[in-house]
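Could you walk me through this model in my viewer, one selection at a time? I would like to know what to click on next and what I will find there.

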2 protein chains.
Amino acid sequence: MSISCLTPAERDSALAALPLWSLRADGLALVRTLRFADFAAAFGFMTRVAILAEKADHHPEWSNVYNRVEITLTTHDAGGLSQRDVALARAIDAAAIGAA
Amino acid sequence: MSISCLTPAERDSALAALPLWSLRADGLALVRTLRFADFAAAFGFMTRVAILAEKADHHPEWSNVYNRVEITLTTHDAGGLSQRDVALARAIDAAAIGAA
């Protein structure tokens, strides 16, 4: 199944509904940084996201330093943002309730 | 308890015993990139390392993209490499047996 990129209008609409996410400078990815109380809390969150991502067969690019997690969502097969990124961003927001 | 940096001689000796790790260009961190069969294998490894790190109260700076994990070890309290980084690198190598 091929995956198509969001149109500019779809992208703007998705971003408006995801206020905790930013568009990467090149327009091809969503980014969000989250902060937790400590490492255990940050990694607990990552574990929830890992399970969601594996289930969706769509994986984040992410980094962690102690209590901080930086997430980038993009769809390589589409060469930019797709509906998969929007769906994963929503699921991440739900998993991160309480994080700053 | 203050944490002291490795001396240059201690650092060289540690590096010689950690052939899978490189010294970051600034000399202040150990770095290793690992590749696994897939995301689930990569994140399973990260989970093992997270538990080891939390137990040691010394945490990696790391990123993950699908089956790849990049790890940086440094000791902020010491302003560079300490024995804690060497110990965590050894533990990571033990956890990563089988990874490339």
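Start by colouring the two chains separately: in this predicted model, chain A and chain B bury about 1,300 Å² between them, 72% of it on carbon and sulfur atoms. Buried area here is the accessible area (1.4 Å probe) that two parts lose on being put together, summed over both. Now show the side chains of Phe39(B), Phe43(B) and Trp62(B): in chain B these lose the most area to chain A, together 39% of what that side buries. If you select the whole contact (heavy atoms within 4.5 Å), you pick up 15 residues from chain A and 15 residues from chain B.

Next, look for the symmetry. A turn of 180° with a shift of 0.0 Å along the axis lays chain B on chain A with an RMSD of 0.0 Å, when the copies are superposed by least squares on C-alpha atoms of residues with pLDDT of at least 70 in both. The two copies are thus related as by a two-fold rotation axis. To find that axis, click on Ser63(B): its C-alpha is the one in chain B nearest the axis, 1.9 Å from it. The same surface serves both copies, as 100% of the contact residues of chain B recur in chain A.

Switch to cartoon view and select residues 61-65 in both chains. These are the E3 strands, which pair in the antiparallel sense over 5 bridges; two strands count as paired if DSSP finds at least two bridges between them. Helices (H or I, at least four residues) and strands (E, at least two) are DSSP runs, numbered from the N terminus. Zoom in on Trp62(A), and you will see Asn64(B) opposite.

Follow the strands outwards and you trace an open sheet of 8 strands with antiparallel pairing, in the order E1(A)-E2(A)-E4(A)-E3(A)-E3(B)-E4(B)-E2(B)-E1(B). The edge strands are E1 (22-23) of chain A and E1 (22-23) of chain B, each pairing on one side only.

Then add helix H2 (residues 39-56) of chain A. This helix lies across E2 (30-35), E3 and E4 (68-73) of chain A together with E3 of chain B, running at about 165° to E3(A). Angles run from 0 to 180 degrees between N-to-C directions, with axes fitted to C-alpha atoms, for helices over the stretch in contact.

A note on conventions: residues are numbered from 1 along each chain as its sequence is written, and chains are lettered from A and ligands numbered from 1 in the order in which they are written. Local features need pLDDT of at least 70 and side-chain atom pairs 80 or more, while totals for chains, interfaces and linings use all residues, and side-chain values use heavy atoms, leaving out hydrogens and water.
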